[in-house]
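Student: I have a model open and would like to practise reading it feature by feature. Could you walk me through it?
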Amino acid sequence: MASRRVTRKWEVFAGRNRFWCDGRLMTAPHPGVFALTLALICGTCALHFAFDCPFLAARVSAAVPAVGAALFALTLSALLRTALSDPGIIPRAAAAEAAALEAGEAAPGGRPPPRAREVLVRGRAVKLKYCFTCKMFRPPRASHCSLCDNCVDRFDHHCPWVGNCVGKRNYRYFYTFVVSLSFLAVFVFACAVTHLALLARGAGLAAALRATPASAVAAAVCFLSVWSVLGLAGFHTYLASTDQTTNEDIKGSFSTRRGVSNPNPYSRGNACANCWHVLCGPLAPSLIDRRGVFTIDVKDELPASFVRVLSAPPAPAAAAPAPAPWPGAGSYSNLFEGGSPARHAYMNRSLDLDPVPLATSPPPRRAPPPAALSASRLRLLHDTTMIDAALDLDEPEPPPHLPPLAPVHAPRALSAL
Ligand SMILES: [Zn+2]
Ligand SMILES: [Zn+2]
């Protein structure tokens, strides 16, 4: 039998990322600035180790090269881990999956299907936006990177300096990189200045600069870069201690608006707990399986539960709205077959928001029918957005500030925010 070359999933990956070493490593599509970052760090440290370290080890302390080497190793390993790993890319929906979602979302009367949903996260309404590129509802905190052309979980920002998105899976390494780079820059600057100062004590500064111009270059590079690096380290320390992302901070997602406070539902209440969760919590597995074998049959790519939904006979049109009671009116157990109802409790009151501005929408908005939360559609949303993995929260409590049976949210107030 003729052997057939195996096609791996990274070779047919839909985004713009570039893969290296047969899919083991990945970067953003244009990693040129990342190469510049590497060259700057390695070049400056080479000057430090070649010219400052021998002099300072003899005149000051033998620990100087050891400290420099430790900081350099930590910085470089954190940079490479940030730049070459999966930042938390959420796979796009397969064609059949997207078609089923579109069909299930179609609104009556030929109107376009709603493009946003709401879920409750610890009692706070969080909007899930539909990604037209990835054909799915983004999990909370995810965003689509236009450069990499992927949705990234807990998207922080796209960083050209590290040549990758910064997201749920590599934020801790990015933070380690920024903090260790701050220490490294300060250390190399201090060593270069000390070297120059010791030489200048007898012969003057001009003679010292002529004797070791490499130290002057290293000091200049560190002096010019250390301020922005220190500022970045402070900013990300603030973000980690409040469990926010750069994206959320820039958008003011949790800032007070019109006198109404909007606390961060992801915060664990104190800075230590937030830092521990963000920087030391369990690392989420990669969802893109880039070294897996690609198969043509799309159903092979889908979870078994989703295949069951796809292959189930279509329900009669009249039967859809009737049977499922509005969740909250009773138990969720009727919505799931064999699964734990509590797992999906945060999807209580999921709400289809009208994509047409309410003021100009000709037909009056109706309350979403109970069928919007049928078992198959909930499973569909779960499977397409992997919302369990994305939320990564403790089991939420029922919202304390909402009446238990309010059938509809207030979309006007929420959409006005
Ligand atoms: Zn997307
Ligand atoms: Zn990106």
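Student: Let's start with a helix. Which residues of H2 are buried?

Tutor: This is a predicted model, and in it the buried residues of H2 are Val64, Gly68, Leu71, Phe72, Thr75, Ala78, Leu79, Thr82 and Ala83. They share one side of H2, because they cover an arc of only 140 degrees around the axis. The general idea is that an α-helix has 3.6 residues a turn, so residues three or four places apart point the same way.

Student: Which residues are exposed on the other side of H2?

Tutor: There you will find Ala63, Ala66 and Ala73 exposed.

Student: And what covers the buried residues of H2?

Tutor: The cover includes two helices, H1 (32-59) and H4 (171-203), and two strands, S2 (25-27) and S10 (164-166).

Student: How do I take one residue from that buried set and read its surroundings?

Tutor: Try leucine 79, which lies in helix H2. Leucine 79 counts as buried because it has 24 C-beta neighbours inside 10 Å, and 20 or more is the cut-off. Leaving aside neighbours within four places in sequence, leucine 79 is in contact with Val162 and Phe177. You can also compare sequence with space: leucine 79 and phenylalanine 34 are 45 residues apart along the chain, while their C-alpha atoms are separated by 9.3 Å.

Student: What span does H2 reach from end to end?

Tutor: H2 runs over residues 63-83, and those 21 residues reach 30 Å from first C-alpha to last, close to the 30 Å expected at 1.5 Å a residue. You can repeat the check on H4: its 33 residues should span 48 Å, and the end C-alpha atoms are 48 Å apart, which agrees.

Student: What follows H4?

Tutor: Glycine 204 does, and its phi is positive, near 95 degrees.

Student: How should I read a positive phi?

Tutor: Most residues other than glycine have a negative phi, and most peptide bonds are trans. Two residues other than glycine are worth a look here. Cysteine 21 has a positive phi near 55 degrees and sits in the loop between S1 and S2. Arginine 154 has a positive phi near 45 degrees, and its place is the loop between strand S8 (150-152) and strand S9 (157-159).

Student: Is cysteine 21 buried or exposed, and is arginine 154 buried or exposed?

Tutor: Cysteine 21 counts as exposed because it has 9 C-beta neighbours inside 10 Å. Arginine 154 is buried, with 25 other C-beta atoms within 10 Å.

Student: How do I describe two helices that meet?

Tutor: Two packed helices are described by the angle between their axes and the distance between the axes. Take helix H6 (residues 213-242) and helix H8 (residues 271-280): their axes come within 6 Å and cross at roughly 100 degrees. That makes H6 roughly perpendicular to H8. At the meeting point, H6 brings Ala240, Ser241 and Thr242, and H8 brings Ala271, Asn274, Cys275, Val278 and Leu279.

Student: Where is serine 228 found?

Tutor: Serine 228 is in helix H6. Serine 228 is exposed, with 11 other C-beta atoms within 10 Å. From serine 228 to serine 182 the C-alpha distance is 9.1 Å, and the two are 46 residues apart in sequence.

Student: How do I set a database annotation beside the model?

Tutor: Ask what the chain does over the annotated residues. An unreviewed UniProt entry gives "transmembrane region" for residues 33-51, 57-80, 173-196 and 216-235. In the model, residues 33-51 are 100% helix and 0% strand, with end C-alpha atoms 27 Å apart. Residues 216-235 are also 100% helix and 0% strand, and their end C-alpha atoms are 29 Å apart.

Student: Where is tryptophan 10 placed?

Tutor: Tryptophan 10 is in the segment before strand S1 (18-20). Tryptophan 10 is buried, with 21 other C-beta atoms within 10 Å. Beyond its neighbours within four places in sequence, tryptophan 10 is in contact with Phe19, Gly23, Arg290 and Arg291.

Student: To finish, how many helices and strands does the protein chain have?

Tutor: The chain has 12 helices and 10 strands. Of its 417 residues, 32% count as buried. Among contacts with a separation of 6 or more, 69% come from residues 24 or more positions apart.

Terms used
Residues are numbered from 1 along each chain as its sequence is written. Chains are lettered from A and ligands numbered from 1 in the order in which they are written. This is a predicted model: local features need pLDDT of at least 70, side-chain atom pairs count only at pLDDT 80 or more; totals for chains, interfaces and linings use all residues. Helices (H or I, at least four residues) and strands (E, at least two) are DSSP runs, numbered from the N terminus. A residue is buried if 20 or more other C-beta atoms lie within 10 Å of its own, exposed if 12 or fewer, and partly exposed in between; C-beta atoms are placed from the backbone. Two residues are in contact if their C-beta atoms, placed from the backbone, lie within 7 Å. The expected span of a helix is 1.5 Å times one less than its number of residues. The arc is that of the directions from the helix axis to the C-beta atoms. UniProt positions are given in the numbering used here, feature names are shortened, and annotations may be inferred rather than shown by experiment. Axes are lines fitted to C-alpha atoms, for helices over the stretch in contact, and angles run from 0 to 180 degrees between N-to-C directions. Angles under 35 degrees count as roughly parallel, over 145 as roughly antiparallel, 65 to 115 as roughly perpendicular and the rest as oblique.
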